[in-house]
Amino acid sequence: MRSTLIGLGYSAERVRAYQNGSGVGFLIDIGVSPWCVEGTMSADSTRADAFGGYPDGSDCEPPSGGH
């Protein structure tokens, strides 16, 4: 999955893929503003959501602590 996303032109440093149950999950930091794409893919479905990052986190990564 990760190599496929990189093959589409996303920077290798900005693509994260991981096992998610019976499928895979992914997070792409597009690198502008930041713009992020997060989703999952399995044999049954594919889901992707775009969002503008976390103001109190690290770009596309959610904050690690509480308020």
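Where does Ile6 have its place? Select it and you land in helix H1, which covers residues 2–7. Keep in mind on this tour that you're looking at a predicted model.

**Stop one: the whole chain**

Before going further with Ile6, zoom out and colour by secondary structure. The protein chain has one helix and four strands. Follow the sequence along and you'll read the pattern α-β-β-β-β. Turn the C-alpha trace around: along its principal axes it spans about 35 × 25 × 15 Å.

Now switch on the surface. The accessible surface of the protein chain comes to about 4600 Å², and carbon and sulfur atoms own 51% of that. As for what's tucked away, buried residues make up 21% of the 67 residues in the chain.

Fancy looking at contacts? Take those in the protein chain with a separation of 6 or more: 14% of them are between residues 24 or more positions apart. You can also colour by charge. There are 4 positive and 8 negative charges, and the mean positions of the two sets are 5 Å apart.

**Stop two: back to Ile6**

Select Ile6 again and show its side chain. Ile6 counts as partly exposed because its relative accessible area is 27%, which falls between the 20% and 50% cut-offs. Leaving out residues up to four places away in sequence, Ile6 touches Ala12 and Val15, so add those two to your selection.

Next, draw a distance from Ile6 to Gly23, C-alpha to C-alpha. The two are 17 residues apart in sequence and 18 Å apart in space.

**Stop three: Asp29**

Jump to Asp29, in strand E2, which runs over residues 23–29. Is Asp29 buried or exposed? It's buried: its relative accessibility is 14%, and the cut-off for buried is under 20%.

Who are its contacts? Not counting residues up to four places away in sequence, Asp29 touches Arg14, Pro34, Trp35, Asp59 and Cys60. Show them as sticks to see the whole set.

**Stop four: the aromatic pair**

Last, go looking for rings. The structure holds one aromatic pair. Select Phe51 and Tyr54 to see it: the pair is edge-to-face, with 5.5 Å centre to centre and 65° between the planes. Two values are quoted there because a pair of aromatic rings is described by the distance of the centres and the angle of the planes.

With the surface still on, check how covered the two residues are. Phe51 is partly exposed, at 23% relative accessible area. Tyr54 counts as partly exposed too, at 30%.

Terms used
Residues numbered from 1 in each chain as written. Predicted model: local features only at pLDDT ≥ 70, side-chain atom pairs only at ≥ 80, totals over all residues. Heavy atoms only, no water. Helix = DSSP H or I, 4+ residues; strand = E, 2+ residues; numbered from the N terminus. Buried < 20%, exposed > 50% of the residue type's maximum accessible area, 1.4 Å probe, protein only. Contact = heavy atoms within 4.5 Å. Areas by Shrake-Rupley, 256 points an atom, 1.4 Å probe, with all protein chains shown as cover. Lys, Arg positive; Asp, Glu negative; His and termini not counted. Charge placed at Lys NZ, Arg CZ, Asp CG, Glu CD. Phe/Tyr/Trp six-rings, centres within 6.5 Å; stacked < 30°, edge-to-face > 60°.
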